[in-house]
2 protein chains.
Amino acid sequence: MSDESNVFKALADATRRQILQDLQSGELNAGDIASRFTISGPSISRHLSILKSAGLVVERRESNRVIYRIVEERLALCVGGFLSAVCPEQIVLRHKRRKVGD
Amino acid sequence: MSDESNVFKALADATRRQILQDLQSGELNAGDIASRFTISGPSISRHLSILKSAGLVVERRESNRVIYRIVEERLALCVGGFLSAVCPEQIVLRHKRRKVGD
DNA sequence: TTTCAGTATAGATAATTAGCTAAATACTGT
DNA sequence: ACAGTATTTAGCTAATTATCTATACTGAAA
């Protein structure tokens with residue numbers, strides 16, 4: 001399936017969109033994320049893996065926790081790209097300048 | 001279901017995203033839209049009704065054709081709104097000024 | 001009013017999805 | 001090695017989705 005479809009499908013679920021919003025203010029581990037919802041841990045884990053394979057989050061392990069971080073550029077480029085193709089009058093992508101060496 | 005979820009679910013399908021892109025350059029009737037795809041007319045009709053109930057397109061009948069138009073504001077506000085909540089650094093919503101009486 | 005073109009709805013089917021519980025895996029510290 | 005905590009995977013079910021064909025509806029024109 002197209003890369004873009006993966007992203008939009010990931011965003012089609014309210015729980016996953018909320019996870020992304022929660023991650024906006026900083027990294028969280030899986031348990032912290034799960035505790036913000038009423039659905040089971042395994043279900044949250046599944047949502048996280050969908051977000052991960054869409055490239056919308058990345059994970060790293062720190063001792064026995066798995067810490068998730070949002071990948072804002074991915075969202076901005078993919079969704080923002082679509083948006084500016086479809087309603088160019090109403091949206092502006094502000095491409096972040098990369099520092100040398102990044 | 002939430003309004004926002006309806007919009008994102010509508011966008012989760014590649015055919016529907018393509019329909020929106022096709023409509024970006026102007027109105028099209030159902031047949032014109034269907035002829036751009038290989039799937040059956042009824043399937044396109046179904047996709048159009050999903051886009052319609054998400055508020056992403058509006059239709060009007062002109063003699064025996066049904067003409068579809070994209071509702072860009074809806075996309076910009078809903079998707080753009082989410083985007084600017086989740087990656088505010090990377091996106092700018094340019095709110096179109098409404099003319100008096102609009 | 002019959003016919004035709006354009007669209008939409010109904011009904012069926014196969015595939016996908018979100019959720020659950022139970023079990024497995026990955027680390028840490030003893 | 002063992003026990004404990006954190007997280008993921010497996011296996012299941014119920015609900016949703018995309019597609020098809022066949023049928024019905026809408027409006028124009030013969």
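Student: Which helices and strands supply at least two residues each of the surface near DNA strand C?

Tutor: Start by asking which elements recur along that surface. In this predicted model, chain A offers α4 (41-53), while chain B offers α3 (30-34), α4 (41-53) and β3 (65-70).

Student: Which element gives the largest share of that surface?

Tutor: That is α4(B), with six residues.

Student: How many residues surround DNA strand C, and which are the closest?

Tutor: A residue counts here if its C-beta atom lies within 6 Å of the strand. By that rule 25 residues surround DNA strand C. The closest are Ser40(A) and Ser43(A) from chain A, with Asn29(B), Gly31(B) and Pro42(B) from chain B.

Student: How do the residues of that surface divide into nonpolar, polar and charged?

Tutor: Sorting by class gives a quick portrait of a surface. Near DNA strand C there are 12 polar residues, seven nonpolar and six charged.

Student: Now the protein chains. How many residues does the contact take from chain A and from chain B?

Tutor: Look at each side in turn. Chain A gives 29 residues and chain B gives 29 residues. On the chain B side, α1 (3-11), α2 (14-24), α5 (72-86) and β4 (91-93) each supply at least two. The largest share there, 10 residues, comes from α5(B). By class, this side of chain B has 16 nonpolar, seven charged and six polar residues.

Student: In which sense do β4 of chain A and β4(B) pair?

Tutor: For paired strands, check direction and then partners. Strand β4 of chain A, residues 91-93, pairs with β4(B) in the antiparallel sense, over three bridges. Within this pairing, Val92(A) stands opposite Val92(B).

Conventions
Residues are numbered from 1 along each chain as its sequence is written. Chains are lettered from A and ligands numbered from 1 in the order in which they are written. This is a predicted model: local features need pLDDT of at least 70, side-chain atom pairs count only at pLDDT 80 or more; totals for chains, interfaces and linings use all residues. Helices (H or I, at least four residues) and strands (E, at least two) are DSSP runs, numbered from the N terminus. Ala, Val, Leu, Ile, Met, Phe, Trp, Tyr, Cys and Pro count as nonpolar, Asp, Glu, Lys and Arg as charged, and the others, Gly among them, as polar. Two residues are in contact if their C-beta atoms, placed from the backbone, lie within 7 Å. Two strands pair if DSSP finds at least two bridges between them.
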